[in-house]
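Hi there,

Here is the structure I promised to pass on, with some notes on what turned up in it. Have a look at the model first, then read on.

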Amino acid sequence: MELTNIGTIKDLFARHGFSFSKTLGQNFLINPTVCPNIAERGGCEAGVCALEIGTGVGVLTRELAKRCDKVVAIEIDERLKPILAETLSEFDNTEVIFADVMEVDLAAVIAEKFGGKETVVCANLPYYITSPVIMKVLESRLDIKAMTVMVQREAAERICAKCGTRECGAITYAVNYYSAPQTLFRVNRGSFMPAPNVDSAVIRLDIKNERALPEDEEKMVFRIIRAGFSQRRKQLVNPLSAELGVSKTEIAELLTNLDLKSTARAEELSLNDYIEIAKSM
Ligand code: SAM
């Protein structure tokens, strides 16, 4: 079964009375090179298990299943149940959980289904939940090696930007705190059916397993980063003073003591600078 073939997809849809849901971000991959590439560069191989988010008709699920010991996929749209029963029927190492990924205890799924085997997360995410899903996976500190996901090209550029540059945002720091991000390859809008209005890119986040800071300091780092980027055009002293209830003079002094400019803006600091600020609060 060739799920990147438009005729095959149309036939499946007609037989199962299925139509795309725009609300659920259903743009399915029809470029035959993309899914094998995600699976291979995402670390799928014998001895490894994969957690997929958002199966669609199972085009990526099948490529993961060909290479991995086991695939568990989470899909919100129960209308896809009969389609997936057909498209995944030849793979007895796949299981689909029909649920909203934001409601699922992913750590429990990994522990229960994969029994301690090396695990990777792979997904072609709907754009509207890209950041929440990435942050959920990272903040849950899942026992995974890497997360490889298709995201909107602009999101990829922001996530993989260097901290301390104009291209970065609060998510750049968060992702870099928990992982080492890289862009693997670009994917044009014509690779999807229906074609979205934007181009995409596949990124891979290699998870850092060591906790860099105790939990309270970690919370403070993200509180400071969020506050700083909520007013990224202003000097950091302003949002930090408002968020932390400390005078601007004291914040300016703190920055100077850390050899940072007291006039610095959020995007000018490195992740380590934010860690040092949090430690001195
Ligand atoms: N992996 C397939 C592919 O590449 O063709 C489908 C990708 S499509 C962009 C995103 C998929 O995620 C859809 O099947 C959609 O129904 C599903 N989805 C959307 N929101 C979800 C959620 N909150 N939890 C789980 N799946 C979701």
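Helix H8 (residues 170–178) is largely enclosed by the rest of the structure, because eight of its nine residues are buried. Those buried residues are Ile171, Thr172, Tyr173, Ala174, Val175, Asn176, Tyr177 and Tyr178. As for what lies over them, the cover includes H6, helix H7 (153–159), strand S7 (179–187), S9, H9 and H12. Please keep in mind throughout that this is a predicted model.

Val175 is a good residue to click on in H8. Its relative accessible area is 0%, so Val175 counts as buried. Leaving out residues up to four places away in sequence, Val175 touches Ile134, Leu138, Ile159, Pro181 and Leu205. For a sense of distance, the C-alpha atoms of Val175 and Leu254 are separated by 26 Å, with the two positions 79 residues apart along the chain.

One of those partners leads on to the core. Which residues touch the most other members of the largest nonpolar core? They are Leu51, Ile134, Met147 and Tyr274, in a core of 65 residues. Helix H9 (residues 215–230) gives this core its largest share, seven residues. Both domain 1 (6–207) and domain 2 (215–280) contribute, each with at least three residues. Ile134 itself is in contact with Leu125, Met147, Val149, Val151, Ile159, Val175, Ile203 and Leu205, once neighbours within four places in sequence are set aside. There is also a second, separate core of 36 residues, and among its members are Leu3, Ile38, Val48 and Val57.

Now the domains. The domain assignment gives domain 1 (6–207) and domain 2 (215–280). Taken over C-alpha atoms, the centres of the two domains are 34 Å apart. Where they meet, 14 residues of domain 1 are in contact with 13 residues of domain 2.

Some overall figures may help you to get oriented:

- The protein has twelve helices and nine strands.
- Its C-alpha trace spans about 70 × 40 × 30 Å along the principal axes.
- Of its 281 residues, 51% count as buried.
- Among contacts between residues at least 6 apart in sequence, 68% join residues at least 24 apart.
- About 12,900 Å² of the protein is exposed, and carbon and sulfur atoms supply 47% of that area.
- There are 34 positive and 39 negative side chains, and the centres of the two sets lie 5 Å apart.

A few backbone details deserve a look as well. Most residues other than glycine have a negative phi, and most peptide bonds are trans. Where does a cis peptide bond occur in this model? It joins Met193 and Pro194, with omega at about -10°. Pro194 sits in the loop between strand S8 (192–193) and strand S9 (200–207).

Two residues that are not glycine have a positive phi. One is Arg141, where phi is near 50°; the other is Asp259, at about 65°. Arg141 is in the loop between helix H6 (130–139) and strand S6 (146–152), while Asp259 is in the loop between helix H11 (248–257) and helix H12 (271–279). Are these two residues buried, partly exposed or exposed? Arg141 has a relative accessible area of 28%, so it is partly exposed. Asp259 has a relative accessible area of 75%, so it is exposed.

Finally, take a look at Gln26, which is placed in the loop between helix H1 (6–16) and strand S1 (28–29). Gln26 is a loop residue that is nonetheless buried, with a relative accessible area of 6%. Not counting neighbours within four places in sequence, Gln26 is in contact with Phe18, Ser19, Phe20, Ser21, Glu75, Asp77, Arg79, Leu80, Met193 and Pro194. That list includes both residues of the cis peptide bond, Met193 and Pro194. By contrast, Gln26 and Glu215 are 37 Å apart from C-alpha to C-alpha, and 189 residues apart in sequence.

Over to you, and happy viewing!

Best wishes

Note on methods:
Residues are numbered from 1 along each chain as its sequence is written. This is a predicted model: local features need pLDDT of at least 70, side-chain atom pairs count only at pLDDT 80 or more; totals for chains, interfaces and linings use all residues. Side-chain values use heavy atoms; hydrogens and water are left out. A nonpolar core is a set of buried Ala, Val, Leu, Ile, Met, Phe, Trp, Tyr and Cys residues joined through side-chain atoms within 4.5 Å. Buried means under 20% relative accessible area, exposed over 50%, partly exposed in between (1.4 Å probe, protein chains only). Helices (H or I, at least four residues) and strands (E, at least two) are DSSP runs, numbered from the N terminus. Domain bounds come from an automatic or database domain assignment. Contact means heavy atoms within 4.5 Å. Accessible areas come from the Shrake-Rupley method with a 1.4 Å probe; for residues, only the protein chains shown count as cover. Lys and Arg count as positive and Asp and Glu as negative; His and the chain ends are not counted. The place of a charge is taken as NZ of Lys, CZ of Arg, CG of Asp or CD of Glu.
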